[in-house]
Amino acid sequence: MSFLESLNEKQQEAVKSAQGPVMIVAGPGSGKTRVLTFRIAHLISIGVPAYQILALTFTNRAASEMKDRVVKLVGEKSTQLWMGTFHSVFARILRTECEQVGFQKNFSIYDSQDSLGLIKGVMEAQGISWQRFNPQAIRSRISGAKNQLIGPDEAARRATDIFEEKAAQVYAEYQRRLKQFNAMDFDDLLLKPIELYTLHPKTLAKYQDRFRFILIDEYQDTNRAQYTLIKMLADRYRNICVVGDDAQSIYAFRGADIRNILDFERDYPEAKTIRLEQNYRSTRSILAAADTLIKHNVDQIPKDLWTENTEGDPISVVACDDDKDEGLTIVSRIFEESRRLKLDMKDVAIMYRTNAQSRSLEDALRRQNLPYAIVGGVEFYQRKEVKDVMAYLRVLVNPRDQESFLRIVNYPVRGLGDVALEHFLAFAGSAGVDLPSAALRAGEIALLTPKAKSGIASLGALFEKYRRMSAEMSLSELSRAYVDEIGILKIFKDEGNPEAMARWENVQELLSAISEFSASRPDATLEQFLQDVSLLSNMDEWDDKHNAVTLMTLHSAKGLEFPLVFVAGLEEGLLPFYSSSIERKELEEERRLLYVGMTRAMRKLTLTHARIRFRFGEMSYQSPSRFLEEMGGGAVLTESVHRGSPYRSAATTAAPRPSRKPAATRGDRFVPDEQPDYDSEALSADDLKAGKFVEHEIFGKGKVVYVVGTGESLKAVVDFPQVGRKNLLLKYARLKIV
DNA sequence: ATTAGGCGATTTTTT
DNA sequence: ATCGCCTAAT
């Protein structure tokens, strides 16, 4: 086959091993995507019908790109291929099969924000205080349990402290309500199919028979639920091919389980393992530094990455005065390097640990008139006005969706408060009807004020009207008329200020998106649109057609490559992040995260750190990241820039910077080993470090999350299990180290 | 007694 | 920019 000739020997082997289980361990830049694409094309070319192939990717974007490439290789017969993220593929399957697990086909999909709202409601109903038990923490605990396939009952049995007991209690009611609301959260999109296949072996057999060839990309980032699901599906034909790299596993915090890679060979003893170790992407300098860094991890499968590429430029490490300076430095280097290497702006990426860091970078780019695009950040579909309209649409599709109903029941204002809502919910509950039906009968609720009665009744009438009309109108007409009648466009217009006009435009943009969606496919439904939007990943929205610098988090950078890469904020507390610098496993994940970022670079990599960073409303002294030392000195060029900046004068008058002795001992060349005398306070920055346990007179024992400021204004943020996070001024707090 | 609007605190990573 | 709490207005 002609298209195989461009592959190396290992890659060809990976492509041609069509039958049986295969694990491909693919280092960064080793042509993994090409292998996957060619493998699919190969399967089709040897006669496998495209609809028997299921390919799971990490983003929908990756899926559609890969699909396009397969079409180019083998033509239109490949369009029946099933390709997408775990969540979108199984949401699609659930759309047809969910009745077997007690859901209606029009079920809603709740994102984390919706889930959190629901959890708060449950906690309120159960009389669990939001102050004592952080709803966000409860949510992530529940999600964690679900990812490990632990149900509410088992969670309750396993609970060892009051927090876990409460979480389990909330969990049980949360699941009950999701079912009642005909809604699923992200985790359910994986759990319900497992339930479906367990309860209905015939259905499982149908899908096993359907998907005879399964491919999974980014296998290192799959969780236990995904693993189980795939194991079920692949059990019959065992034609499963997973591609991953343990060194690029960066989603353990979300339940990704490294055992999935390690267990693969145990579950499939006949599996063939193929290693792709030749890197085609990066210069030798870049690869060497990344490799030296990642070798500091204990948990890893040994690999020998190599490249035939040239040595290239050394990696630059630039020390900047502060975060503004960091932005300016990066911008001026973008100018220099892009000219020197003859690159466009679309060849440049700036990566960082937290979304909050994009602000100062954006400022610098804007000031220099450099075009840029941000991946993620405050996403369009997360904006309040967009979520509000989406909630209206969801209620139309799924009247049982109480969470969405409650979101918009008093927006625009209809004269309803907590009390009126209580009465209304009680009425709906005793009448045993969904909320839109109850709203139509608001007149029957004696306890409501006239204003509340008419407000709710008109909302009920609105839903009723558009539910009827949905049969006769096109999707795009319907949504426009509906949104118009909701009245929020008028509110924004009347308000007239720039923010309101921006919101007005966002709603218009949402309507355009609906029109576009309905024009793009003949069978477009509102259900389908809502589902697609719920399952968008932030990469899916990224437009790489524009010639602009790309800004994104290190997490979003996975799978991409750019000739010129900047990683900003290589500082202790930021990368590695505060709370992740204590546990070895978490620290190793931070290291992998930087590894992912570094290995995105093809020709030139620049790492920056700031000495002072404006965080949490004040200046904070930052030490260079320990990872810089861990890269070894060989290919690294250390530089330091000084530039005037508004923070500078304040900085130079401040107390000497707290000393710090990084944990790593080798290659201390990036950090001058200074040890200023610093003993004035009983507790100084020397004693008080992130991760230490301290005792407070009132709050009890807690863990230090991080420390900011110096001398008199030395502050610590401490996590107390009972009372939560407290910001303490050391001068007064009188903490004791435990 | 209720509700609406103002004010202040907050910021890891995400399907 | 958004959320949650508090107080003024009804």
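Me: Which helix gives the most to the surface near DNA strand B?

Reply: In this predicted model, that helix is α19, spanning residues 418-431, which supplies three residues to the surface near DNA strand B. In total, 25 residues surround the strand, and the closest are H87, R254, R353, N355 and G417. A residue is called near here because one of its heavy atoms lies within 4 Å of the strand.

Me: What makes up the surface near DNA strand B by class, and which atoms of the strand does the protein approach?

Reply: By class, this surface has eight nonpolar, 14 polar and three charged residues. On the side of the strand, 63% of the atoms within 4 Å of the protein belong to sugar or phosphate, and the rest belong to bases.

Me: Why can the pairs made by R254, L416 and H555 with DNA strand B be called polar contacts?

Reply: The cut-off is a pair of N or O atoms within 3.5 Å, so each distance has to be set against that value. An N or O atom in the side chain of R254 is 3.3 Å from a sugar or linking oxygen of the strand, while a backbone N or O atom of L416 lies 3.4 Å from a phosphate oxygen. For H555, an N or O atom in the side chain is 3.4 Å from a base oxygen. These distances of 3.3 Å, 3.4 Å and 3.4 Å therefore meet the cut-off.

Me: Which residues surround DNA strand C, and what is their class?

Reply: DNA strand C is surrounded by K120, Q131, K384 and R503, and by class its surroundings hold no nonpolar, one polar and three charged residues. Two of these residues reach phosphate oxygens of the strand through polar side-chain atoms, with R503 at 2.8 Å and Q131 at 3.4 Å; both pairs are polar contacts because the limit is 3.5 Å.

Me: Why is T553 called buried?

Reply: The relative accessibility of T553 is 9%, and buried means under 20%, so the term applies. T553 is placed in strand β14, residues 549-553, and, leaving out residues up to four places away in sequence, T553 touches Y352, R353, T354 and N355. The side chain of T553 also makes a polar contact with the side chain of S556, at 2.9 Å.

Me: Why is Q382 called partly exposed?

Reply: Q382 has a relative accessible area of 34%, and because the partly exposed class runs between 20% and 50%, the value falls inside it. Q382 is in the loop between β13 (372-374) and α17. Apart from neighbours within four places in sequence, Q382 is in contact with D111, Q113 and K387; Q382 and D111 are 271 residues apart in sequence, yet their C-alpha atoms are 9.8 Å apart.

Me: What makes E218 and K342 unusual in backbone angle, and which side of the burial cut-offs does each fall on?

Reply: Most residues other than glycine have a negative phi. E218, however, has a positive phi of about 50°, and K342 has a positive phi of about 55°. E218 lies in the loop between β6 (213-216) and α11 (224-234), and K342 is in the loop between α15 (323-340) and β12 (348-352). With a relative accessible area of 8%, E218 is buried, whereas K342, with 74%, is exposed; the conclusions follow because buried means under 20% and exposed over 50%.

Me: Where are the cis peptide bonds from Y411 and from L575, and what are their omega values?

Reply: The bond from Y411 to P412 is cis, with omega near 0°, and P412 lies in the loop between α18 (402-408) and α19. The bond from L575 to P576 is likewise cis, with omega near 5°, and P576 is found in the loop between β15 (562-567) and α26.

Me: What makes helix α14 count as mostly covered?

Reply: Eight of the eleven residues of α14 (residues 284-294) are buried, among them I286, L287 and L293. The buried residues of this helix pack against several elements, including β11 (315-322), α26 (584-598) and β16 (601-615).

Me: How many residues are in the largest nonpolar core, and which helix gives the most to it?

Reply: The largest nonpolar core has 51 residues, and those with the most contacts inside it include Y392, F405 and F463. Helix α17 (residues 384-397) gives the most, with nine residues. A second, separate core has 44 residues, including L54, C98, F103 and Y207.

Technical notes:
Residues numbered from 1 in each chain as written. Chains lettered and ligands numbered in written order. Predicted model: local features only at pLDDT ≥ 70, side-chain atom pairs only at ≥ 80, totals over all residues. Heavy atoms only, no water. Polar contact = N/O pair within 3.5 Å; in protein donor to acceptor, adjacent residues only side chain to side chain. Nonpolar A, V, L, I, M, F, W, Y, C, P; charged D, E, K, R; others polar. Core = buried A, V, L, I, M, F, W, Y, C linked by side-chain atoms within 4.5 Å. Buried < 20%, exposed > 50% of the residue type's maximum accessible area, 1.4 Å probe, protein only. Helix = DSSP H or I, 4+ residues; strand = E, 2+ residues; numbered from the N terminus. Contact = heavy atoms within 4.5 Å.
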